Structure formats: structure tokens, C-alpha cells
Amino acid sequence: MSVRFLHPNDLLDLADELVGKNAGQGRPKVVRLRRGISTAYYAVFHELLTRVVYEVVRPADWTAQAAAVSRWVTHQDLAALSKAATGSGNQALRDALAPVSPGTERIAQAFLDLQDVRHRADYDDLFDVDKIAAVGWAEAARDAVDRSWDLVRSRDLSYRRFLALGLGAVKIAKARS
Amino acid sequence: MTAPVDSSREAQLLAAISELSAGTTRVVGAEIERRREPDESYLLLTVVLNQPSGETWPSDEFYEIRRQARALTGHVLGDEDTRLSYRTQAREEDDVVAPIEGASGNKNASGDDA
């Protein structure tokens with residue numbers, strides 16, 4: 001069975017479409033805004049888990065093995081790492097990540113913010129979503145994915161530490177703190 | 001389920017959040033409420049931003065506001081599970097639902113075209 005990679009940029013394009021970016025005045029249906037926000041979050045999530053696997057396992061290509069390992073990267077672990085990268089949360093993780101580059105901090109901040117709003121978009125019937133914010137989240141996700149590419153290309157050491165700790169390190173740090 | 005929050009820490013946080021700005025983007029309001037779900041309880045902080053001149057807030061300014069808001073929240077509330085949300089002031093044209101292919105014109109419970 002061939003592996004069909006879910007590309008973060010495709011998710012970003014879908015998020016733009018759903019939130020009505022560059023579509024003029026008026027707002028899309030609420031369901032589109034909410035699914036657009038959720039899709040923007042998943043674009044960043046997939047970007048991060050892909051980078052974690054390439055950093056740690058170093059597959060030559062996105063194989064079934066790489067896809068299987070990517071399932072080990074969890075939303076909770078990336079949130080804990082992102083909290084540490086933005087200066088809060090588990091002290092052992094903060095020590096392991098230091099120093100954190102501005103680019104890594106910005107990606108981590110986007111992940112945390114998008115995860116918060118994604119929970120509202122997916123589960124909160126009281127979510128007062130508006131198009132301006134939804135487009136803002138789509139742009140924040142694209143900004144994070146673009147910066148991820150830039151940091152990978154420049155072999156940013158802070159970002160490499162962040163990615164390397166994305167596979168299992170959070171559980172170890174919490175167990176030993 | 002939501003519940004009002006009334007403590008000096010939350011009041012301090014709301015006052016500090018309300019002062020935030022970055023370039024042309026500024027906070028015009030903030031609200032905080034306690035959310036109780038079957039398996040968790042957390043604070044929901046909603047930050048209200050001014051209307052942008054474009055389609056949304058400038059990316060760098062939105063980031064800076066979010067960065068400051070999260071840092072302030074951690075500083076004031078510590079490890080309290082707090083989630084942040086952002087919205088803008090209501091604007092009349094935002095209530096006009098854009099025509100979407102396949103829309104029937106019927107209204108559903110959310111006020112959207114069905």
C-alpha cells in the first residue's frame with residue numbers, strides 16, 4: 001500500500017479557502033470558519049510531527065515506517081514542549097531547550113494558540129467565531145509552517161533541539177521532575 | 001458549563017491585558033470565565049481586538065499581542081489551566097453570510113444558510 005503524505009501546505013490552502021481569505025466581504029458559514037481554524041491547527045501539527053520524524057528517525061523518504069513513527073508524536077507532548085519553549089511549564093524541558101531562538105519561540109507560540117482555538121472550533125458550542133480572527137489564525141498557521149521550513153533549511157540548533165525532544169522526551173522529563 | 005470568575009488575580013490579569021497593543025493592533029476588551037467540562041476545568045480568557053484596516057490583523061502585530069497575553073497570563077495565574085481566545089468587535093458586514101455554492105437560503109439554528 002502506498003503512503004499518501006498529508007502535506008501541511010495543502011492543509012494551509014484548504015484553511016484559507018474555508019475561512020474565506022481573499023474572498024471579499026461577508027463571512028463564510030460558521031461551520032466553514034470553524035473547520036478552517038481546525039485545519040490551520042492541523043497544518044502546523046503535521047508540519048511539526050513530520051519534522052520530528054525527519055530529525056529523529058531520518059528516513060530517506062516518507063515511508064510507512066516514518067508514518068507509523070509519526071503517530072508517536074502527540075498533541076499533548078508538542079503542547080508541553082511549546083509551553084517550555086515560550087518560558088513556562090516543565091522546568092526540565094525548559095532547561096533542555098535553552099537557549100530558544102526567536103523563530104522556535106514563534107512557532108511554539110503559534111502551536112499553543114492554535115491548539116486553544118482549535119479546541120473551541122471543534123468542541124465549543126459557545127465559540128463566537130468571526131472571519132477576521134479565523135483569517136488571522138490561517139495566517140498564523142502559514143507563518144509557523146513557513147518559519148519551520150526556514151529554520152530547517154538554516155539548521156537552527158534551537159529548533160533541532162525542539163524537534164528532537166518531540167519524540168518521548170516530554171514523558172521522561174515529567175517522570176523525572 | 002460556564003461560571004463567572006471573581007478574584008483579584010483575574011481582575012489584575014484583565015487590567016493588564018486591556019493595556020496591550022502592538023502597532024495598529026490593540027486590545028479593546030477582555031473577558032474571563034471558568035469552564036467546567038465533565039473531565040476538566042479551565043479558565044477561558046477571551047481577548048477582544050480592534051477592527052483591522054485589512055482582512056485581519058497584521059501577522060507580526062497579532063503575534064506580539066498573543067505573545068504578551070500568554071506571558072502575562074502565566075505570570076499572573078501561574079500553572080492555572082488557562083486557554084486563550086481572540087475575537088474582534090462586531091461589525092455589520094461580518095453578519096452577512098457570503099454566498100456559498102450549494103447554499104439553499106434556509107436558516108439553521110446558527111443563523112447561517114443551511
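## A walk through chains A and B

Select chain A and follow its elements from the N terminus: α-α-α-α-α-α-α-α-α. That is nine helices and zero strands, where helices (H or I, at least four residues) and strands (E, at least two) are DSSP runs numbered from the N terminus. What you have open is a predicted model, in which local features need pLDDT of at least 70 and side-chain atom pairs count only at pLDDT 80 or more, while totals for chains, interfaces and linings use all residues. Residues are numbered from 1 along each chain as its sequence is written, and chains are lettered from A and ligands numbered from 1 in the order in which they are written.

**Stop 1: chain A as a whole**

Keep all of chain A selected. Its radius of gyration is 16 Å, close to the 16 Å that the globule rule gives for 177 residues, so chain A is as compact as a globular protein of that length. (The radius is taken over C-alpha atoms, and the rule is 2.2 Å times the number of residues to the power 0.38.) Along the principal axes, the C-alpha atoms fill a box of roughly 50 × 40 × 30 Å.

Now colour by burial. Buried residues make up 50% of the 177 residues in chain A. Here buried means that 20 or more other C-beta atoms lie within 10 Å of a residue's own, exposed means 12 or fewer, and partly exposed is in between, with C-beta atoms placed from the backbone. As for contacts (C-beta atoms, placed from the backbone, within 7 Å), 76% of those in chain A between residues at least 6 apart in sequence join residues at least 24 apart.

**Stop 2: helix 2 of chain A**

Select residues 30–56 of chain A, which form helix 2. The end C-alpha atoms of this helix are 39 Å apart, which agrees with the 39 Å that its 27 residues should span at 1.5 Å a residue. That expected span is 1.5 Å times one less than the number of residues. Of those 27 residues, 22 are buried, so helix 2 is largely enclosed by the rest of the structure.

Zoom in on A:Thr50, which is found in this helix. A:Thr50 counts as buried because it has 21 C-beta neighbours inside 10 Å. Show A:Val73 too: 23 residues separate it from A:Thr50 in sequence, and the two are 9.2 Å apart in space, C-alpha to C-alpha.

**Stop 3: backbone oddities in the loops of chain A**

Move just past helix 2 to A:Arg58, in the loop between helix 2 and helix 3 (64–70). Its phi is near 55 degrees, a positive value in a residue other than glycine. A:Arg58 counts as exposed, with 8 C-beta neighbours inside 10 Å.

Next, pick A:Ala98 and A:Pro99, which are joined by a cis peptide bond with omega at about -5 degrees. A:Pro99 sits in the loop between helix 5 (91–97) and helix 6.

Then go to A:Arg155, in the loop between helix 7 and helix 8 (157–164). It has a positive phi of about 50 degrees although it is not a glycine. A:Arg155 is exposed, with 8 other C-beta atoms within 10 Å.

**Stop 4: chain B and its strands**

Switch to chain B, which has two helices and five strands. From the N terminus on, its elements run β-α-β-β-β-α-β. Buried residues make up 19% of the 114 residues here. Of the contacts in chain B with a separation of 6 or more, 58% are between residues 24 or more positions apart.

Select strand 3 (residues 25–37) and strand 4 of chain B, which pair in the antiparallel sense over 10 bridges. Two strands pair if DSSP finds at least two bridges between them. A hairpin joins these strands through two residues. To see one bridge, show B:Val27 and its partner in strand 4, B:Leu49.

Now add strand 5 (residues 82–88): seven bridges join it to strand 4 (residues 40–49), and the two run parallel. B:Val47 has B:Tyr86 as its bridge partner in strand 5. The chain crosses from strand 4 to strand 5 through helix 2 (residues 59–77) of chain B, a right-handed β-α-β crossover. Right-handed means that, with the strands pointing away from you, the path from the first strand over the helix to the second runs clockwise.

**Stop 5: where the chains meet**

Which residues does the interface bring together? Show both chains: 30 residues of chain A are in contact with 27 residues of chain B. Helix 6 (102–123) and helix 7 (131–153) are the elements that give two or more residues to chain A's side. By class, that side has nine nonpolar, nine polar and 12 charged residues. In this count, Ala, Val, Leu, Ile, Met, Phe, Trp, Tyr, Cys and Pro are nonpolar, Asp, Glu, Lys and Arg are charged, and the others, Gly among them, are polar.

Note on methods. Contact = placed C-beta atoms within 7 Å.
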